[in-house]
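User: I'm new to reading protein models. Could you walk me through a few features and how to make sense of them?

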Amino acid sequence: MLSRTTASVSVGAVALLSSLLLAGCSPAATPDAAPSAIAETQPTAGSTPAASTPATTATSATATGATLDVYGEPGGSVTATLRNPQESGAPLTLLVAATQGDWLQVHLAQRPNGSTGWVKADAVVQHSLEYSLDASTEDNTLTLLKNGHPVKTFRAATGTGGTPTPHGAFFLTELLQPTNEGYGPYAFGLSAFSDVLSSFGGGPGQIGLHGTDDADSIGRSASHGCIRLSNTDITELASLLPLGTPVTIR
């Protein structure tokens, strides 16, 4: 899980947070971590993405003002006002679900999982996304897709039976740089929240995608709900994926 006590440092277009304490995603770690195996796939002509993967193209929406109003429906009443940047220091970036005239329906990083709302198109900057992620809690893998086609599959650790990783369609909300070595060099916040833990370590039970120094946990059901990768693998994704990237967990 992700705590909310952080300080932000801007690196390129992504916020890296230098004072993060990640709590609840990992037991006591061992000192040496080894990279997990990566299976690389060369897509063939005419191949199609699996049914569980996000659409081959997606769009993110990053707020341009200090706050972003969320509406229950186009032209309706304001249901929430979101802060930009976020408390962590990362820019407020959401995943677009649909468009209607001058309005965008967006996925929201809040409980219950799967929440959506509407924002004004002129209150955000939209960006096309070519990458997406598909996580399997059954296989303990994370697959990177480009325009819907599998590129690499990483071995991962996911939640245990008592604290499972939630299933659904989510997105990357922020990129964090933990000070706790047990969580590796980078951690993405997801728009997913634990279905079991309403709070953990001072945070709201938000699910993360992060590294680890417990190499033996990779490939197993071992966390409190977060998805773990080797430190080599999470570093690769941190340099590649923008905020708003769709994440399907099944």
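User: Let's start with salt bridges. How many does the structure hold?

Analyst: Here's the general idea: side chains of opposite charge can pair when their charged atoms come close. Keep in mind that this is a predicted model. The structure holds two salt bridges. In one of them, D134 pairs with R250, and their closest N and O atoms are 3.1 Å apart.

User: Which parts of the chain does that pair tie together?

Analyst: D134 sits in strand β11 while R250 belongs to the segment after β20, so the bridge ties together parts that are 116 residues apart in sequence.

User: Are D134 and R250 buried or exposed?

Analyst: For this you need the cut-off: buried means under 20% relative accessible area, and exposed means over 50%. D134 has 5%, so D134 counts as buried. R250 has 39%, so R250 is partly exposed.

User: And what about E236, which residue does E236 form a salt bridge with?

Analyst: That partner is K152, with the closest N and O atoms 2.7 Å apart. E236 lies in helix α1 and K152 in strand β13 (residues 149-155), so this pair ties together parts that are 84 residues apart in sequence.

User: Why is K152 called buried?

Analyst: Use the cut-off again: K152 is buried because its relative accessible area is 16%. E236, with 25%, is partly exposed.

User: Okay, next topic: aromatic rings. How do I read a pair of those?

Analyst: A pair of aromatic rings is described by the distance of the centres and the angle of the planes. This structure holds one aromatic pair. The rings belong to Y71 and W103: their centres are 4.9 Å apart and their planes are at 85°, so the pair is edge-to-face.

User: Where do Y71 and W103 lie?

Analyst: Y71 is in strand β5 (residues 67-71) and W103 is in strand β8 (residues 103-107), so the pair ties together parts that are 32 residues apart in sequence. Both Y71 and W103 are buried.

User: Now the nonpolar cores. Which residues touch the most other members in the largest one?

Analyst: Those are L209 and L237, in a core of 24 residues. Several elements give two or more residues to this core, including β11 (131-136), β15 (168-176), β17 (206-210) and helix α1 (231-238). Apart from that core lies another, of 16 residues, with A61, L92, L94 and L108 among them.

User: What is L209 in contact with?

Analyst: Leaving aside neighbours within four places in sequence, L209 is in contact with L133, L142, Y186, A187, F188, L190, I227, L229 and I234.

User: Could we look at a single polar residue too? Where is T93?

Analyst: T93 is in strand β7, which covers residues 93-100. T93 is buried, because its relative accessible area is 5%. The T93 side chain makes a polar contact with the side chain of T62, at 3.0 Å. If you skip the neighbours within four places in sequence, the contacts of T93 are S60, A61, T62, Q86, F171, L243 and G244.

User: Let's zoom out. How many helices and strands are there in the chain?

Analyst: The chain has one helix and 20 strands. Buried residues make up 49% of its 250 residues. As for contacts with a separation of 6 or more, 64% are between residues 24 or more positions apart.

User: And what does the accessible surface come to?

Analyst: About 10500 Å² for the chain, and 50% of that belongs to carbon and sulfur atoms.

Notes: Residues numbered from 1 in each chain as written. Predicted model: local features only at pLDDT ≥ 70, side-chain atom pairs only at ≥ 80, totals over all residues. Heavy atoms only, no water. Helix = DSSP H or I, 4+ residues; strand = E, 2+ residues; numbered from the N terminus. Buried < 20%, exposed > 50% of the residue type's maximum accessible area, 1.4 Å probe, protein only. Contact = heavy atoms within 4.5 Å. Areas by Shrake-Rupley, 256 points an atom, 1.4 Å probe, with all protein chains shown as cover. Polar contact = N/O pair within 3.5 Å; in protein donor to acceptor, adjacent residues only side chain to side chain. Phe/Tyr/Trp six-rings, centres within 6.5 Å; stacked < 30°, edge-to-face > 60°. Core = buried A, V, L, I, M, F, W, Y, C linked by side-chain atoms within 4.5 Å. Salt bridge = Lys/Arg side-chain N within 4 Å of Asp/Glu carboxyl O.
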